[in-house]
Structure formats: structure tokens, C-alpha cells
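Dear colleague,

I am handing over the structure below, together with a short account of what was found in it. Please keep it open beside this message as you read.

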Amino acid sequence: MSNHQTLFRSVTDEELEQVLLVSVALNGMDVDPSAVAEMIRLVESASGEVVHQISQKRNRPDGGFFVGRGKAEEIAAESANLDLTTIVFNHNLSPGQVNRLEEITKCKVIDRTELILAIFAVQARTPQAKLRIELAQLGYMLPRLSGMWHHLDRLGAGIGTRGPGETQLEVDRRRARTRISSLERKLEAIDAGAKVRHSRREGMFSVAMAGYTNAGKSSLLNRLCDADVHSADRLFATLDTTSRRLELPDGGSVIVSDTVGFIEKLPKSLLSSFRSTLDVVREADLILLVADTADVDKRAKASTVIETLEKIGAGSIDRITVWNKCDLTEISGTEELAISALTGEGIDRLIELVQKKRRQALAWCRVKVNICNGELEYWIRKNSIVDSFVRDHNSGAVEIVCGLYLGLNHLRKKLGRQHSDWSVVPLFDLDKIQKGVQ
Ligand SMILES: Nc1nc2c(ncn2[C@@H]2O[C@H](COP(=O)(O)OP(=O)(O)OP(=O)(O)O)[C@@H](O)[C@H]2O)c(=O)[nH]1
Ligand SMILES: [Mg+2]
């Protein structure tokens with residue numbers, strides 16, 4: 001085990017096997033059963049099992065224990081009775097609260113953020129994902145290190161003395177910071193490589209899937225692009241980005257990307273260390289917001305996804321909401337797009353919509369040129385979607401209506417270099433173009 005790993009408490013499968021879940025409802029609200037169900041799924045996704053639950057309604061969190069002292073004592077008694085050593089809270093706790101709860105319960109206390117970080121750590125498969133999650137965990141643990149050494153501080157501290165805990169804390173902090181810098185450098189190098197690859201695809205219309213975890217994004221990528229991305233009925237099955245080309249019926253194509261899913265209160269440290277993984281969403285031309293239509297909480301979860309998109313700077317990108325898993329539930333008359341990645345229902349309509357958006361984003365024009373040789377025709381077909389191509393066989397002149405990927409100036413420059421008699425007129429109304437009116 002390398003040094004840095006001894007800095008933070010490791011959350012292993014074994015420790016999470018049997019868990020006591022504490023659900024606290026704040027502001028006088030009742031405990032929300034679907035939020036509890038989500039916590040249970042989170043525990044399961046970290047290879048654990050909730051064997052006992054305790055809940056409490058409070059107006060506001062208690063500064064000391066988050067729950068009241070009486071409740072903390074009840075939690076301690078229950079966990080001792082049931083021989084449990086791990087307690088999961090449905091909220092985020094301050095380092096001091098974790099400390100005090102661990103002291104009173106003699107158990108490991110894990111808050112929501114630490115649980116999500118643990119799932120990411122369990123699920124990370126690629127070296128990049130492993131580095132990112134380590135960075136996120138260190139970012140989370142650094143301010144908490146002092147709490148971990150708190151008990152040692154008290155043993156050795158006194159006026160004018162430096163306790164053994166304090167010294168160890170300083171050493172650990174320094175080690176953590178060194179490791180953070182080294183991880184950041186490694187990730188910067190990886191991200192720089194990804195940027196180069198990305199720029200090679202410039203001009204390709206990019207469609208990114210975004211959605212709550214487990215909504216079916218990876219299954220949809222597999223369905224659309226015949227990909228073989230791992231999909232599973234657990235939270236955060238995907239932690240990397242996979243991009244595939246989707247050929248459209250009109251001969252054009254787009255790049256579709258699947259990436260990490262979102263969840264309510266996605267930890268900040270994760271958002272920042274997975275920032276470049278999410279670039280694919282931030283830089284997309286179109287977002288497919290994939291939602292699980294069979295989920296009772298689907299509207300709230302879709303709102304969480306929209307809020308997260310705003311947080312990462314992708315809030316203003318054009319998007320289509322796709323209600324997946326329509327095979328599992330009756331769909332009432334709605335204008336929204338219902339699909340099933342499993343059965344393929346609605347997929348043709350989705351592809352049609354993507355194609356429409358893709359066509360709207362092109363720079364449409366009518367090109368006239370007195371002589372069109374094979375090289376020019378090849379260039380135009382490679383760099384645009386050709387709607388019509390009419391050649392006058394007597395004169396050799398052509399008239400083309402096409403949508404260019406990279407703007408009209410590329411074509412103007414090309415024609416200007418090689419031809420003397422040509423024109424490029426922009427066309428603005430796609431409907432009219434398609435009806436042959438403009
Ligand atoms: N019945 C049904 N199940 C589906 C459908 N699409 C996906 N699933 C199931 O839903 C679960 C999650 O699917 P994924 O594709 O892994 O979901 P995801 O959005 O990629 O999830 P994360 O990567 O964890 O964020 C899997 O068990 C899939 O088999 C669908 O259309 N119908
Ligand atoms: Mg996935």
C-alpha cells in the first residue's frame with residue numbers, strides 16, 4: 001500500500017456489508033421514502049446492505065451530532081445490539097459531527113458524500129477514472145484530517161508542546177498535498193491528449209447524453225451506435241466517456257457520447273475532478289437528457305439533471321428530453337419523446353429528431369459554379385450534407401444546395417482559389433429549402 005492511501009479511511013466492501021442507515025428529514029418535513037430508497041441503492045452500489053434503519057424529523061441539524069444527542073445514543077445502542085460497525089447518514093456531516101458520532105457509537109460513520117466517493121472508487125475501471133476518484137477523495141479528506149487526529153492532539157497537546165497527533169497531522173497534510181499536485185499534473189497531461197483528439201473531430205456535430213444515474217444512457221448509446229459500453233442496474237456504472245459515430249438516414253453523421261451520470265447533491269470534489277470527463281457535455285451541440293420514465297421521481301430527477309448541467313456550464317445547450325424505459329410503464333398522451341433502449345421503441349423518432357437538429361445547425365447555401373470537377377464535388381460531399389446537386393450537361397455548370405459543417409467561408413476560400421465564376425448564397429429557412437421554396 002502506498003503512503004497516500006494510509007491518509008484516509010478506506011471504505012472497503014467488507015466494512016459496508018451490513019449498514020445502519022440514518023435518515024434525517026429537515027425543516028419539519030417527513031422522511032421522503034424515495035430519498036430513502038435512493039440511499040439504499042447507493043449503499044448497494046457500494047457493495048453494502050442496509051440491515052436496519054433509523055429516522056428522525058428535525059427543524060435543523062444539531063451542531064454536535066446532526067441528530068439530537070438522545071437520537072445519537074439510540075443509534076449507538078441499536079448498532080451495538082445488532083453488532084453493526086458502519087453507519088451511513090443521508091446528509092453530509094461536518095468533520096466534527098462525524099468525529100463525535102464515531103466516538104459515541106464506536107462505529108465508522110459515513111456521510112452521503114463519502115458514500116458516493118466510495119461507489120466511484122469501487123466502480124472506477126480505467127486508470128484515468130482511478131486517478132480522478134483518488135483526487136476527489138483526497139480533496140474531501142484533506143480538511144477532515146485534523147478531525148481524524150483530534151484524539152491524538154488531546155493526548156499530547158499542552159502549552160508550548162507539540163503533540164504527536166499534531167506532528168503526524170502536519171506530515172499527512174503535506175503528503176496529501178504532494179499527492180494532490182502529482183495527481184493534478186498526471187490528469188492535466190491526460191486531458192491535454194484528449195483535447196488533441198477532440199480537435200481532430202472538429203466539425204462533427206456532437207451529441208452528449210446526460211441524465212440521472214441509472215436512467216439508461218449507456219444502454220441508449222449501445223442501441224443507437226451498436227456500441228458495447230458496460231451497462232448495469234447499479235448507480236454510477238459509467239465513470240468514463242465513450243464516443244461513437246451515429247450514421248444518419250440523410251447520409252450525415254454525428255458523434256454520440258455517453259458519460260458519468262448525475263445525482264442529487266453530486267459532491268463538489270467529484271464535479272471538479274471529473275470536470276474534463278464532463279467536457280464532452282459542456283462542448284456538445286446537442287444534449288440528450290435521458291430520463292427513466294418508470295421512475296416515480298422522474299420530474300424531480302430531470303430537474304436535478306438540469307441544475308447540474310447549469311452548474312457545469314452546459315445549461316444553455318440545446319437539448320431533447322428522452323423518456324427511456326417506456327417498455328416498463330404506460331405512457332399517457334404526451335408530446336415528449338418516449339423510447340426504450342431495451343426494445344428499440346421510439347429510437348427511429350429520436351434519430352429523426354437528432355437529424356433535424358443536426359441539419360438546423362448546418363450552414364445552408366446555394367452554390368453555383370461554372371465547372372465542377374471531381375475534386376470539388378468530393379470536397380463538397382465530404383464537408384457538407386448535399387440536399388440537391390444539379391448539373392447542366394451542356395455547359396458543365398452545377399447548382400448545389402448543401403449544408404456545410406464548417407461555415408460558408410471555407411467553401412468560398414476553396415472556390416476563390418480554384419474557380420473564377422462561382423457564387424455562394426446563404427439560405428436561412430431550412431423548411432423552405434427542403435420544400436424547394438428558398
Ligand atoms: N426495462 C428497461 N430497462 C432499461 C432500459 N434502458 C436501460 N435499462 C436498464 O437500466 C439499468 C441502467 O442502465 P444503464 O444504461 O447502465 O444506465 P446509465 O444511465 O448508463 O447509468 P450510469 O452509468 O450508472 O449513470 C440497466 O439494468 C439497464 O438494463 C429500457 O429501455 N428498458
Ligand atoms: Mg452508464
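Two strands are taken to pair if DSSP finds at least two bridges between them. The model is a predicted one, and in it strand S3 (residues 86-89) and strand S4 pair in the parallel sense over three bridges, with Val88 having Ile110 in S4 as its bridge partner.

These two strands belong to an open sheet of four strands, in the order S2-S1-S3-S4, in which the pairing is parallel. Strand S2 (49-57) and strand S4 (108-110) stand at the edges and have a single partner strand each, so one side of each is left without a neighbour in the sheet. On average, neighbouring strands of this sheet are turned by 25 degrees against each other, if direction is ignored. Helix H4 (residues 95-105) packs on the sheet, where it touches S3 and S4, and its direction makes about 145 degrees with that of S4.

The other site to look at is the magnesium ion (ligand 2), whose protein donors are Ser218, through OG, and Thr238, through OG1, at 2.0 to 2.1 Å from the ion. This pair links distant parts of the chain, 20 residues apart, since Ser218 lies in helix H9 (residues 217-225) and Thr238 in the loop between H9 and strand S6 (242-247).

Are these donors buried or exposed? Buried means under 20% relative accessible area; Ser218, at 6% relative accessibility, therefore counts as buried, and Thr238 is buried too, because its relative accessible area is 13%.

With best wishes

Key: Residues numbered from 1 in each chain as written. Chains lettered and ligands numbered in written order. Predicted model: local features only at pLDDT ≥ 70, side-chain atom pairs only at ≥ 80, totals over all residues. Heavy atoms only, no water. Axes fitted to C-alpha atoms, helices over the stretch in contact; angles between N-to-C directions. Contact = heavy atoms within 4.5 Å. Donors = N, O, S within 2.8 Å, 3.2 Å for Na, K, Ca; no water. Buried < 20%, exposed > 50% of the residue type's maximum accessible area, 1.4 Å probe, protein only.
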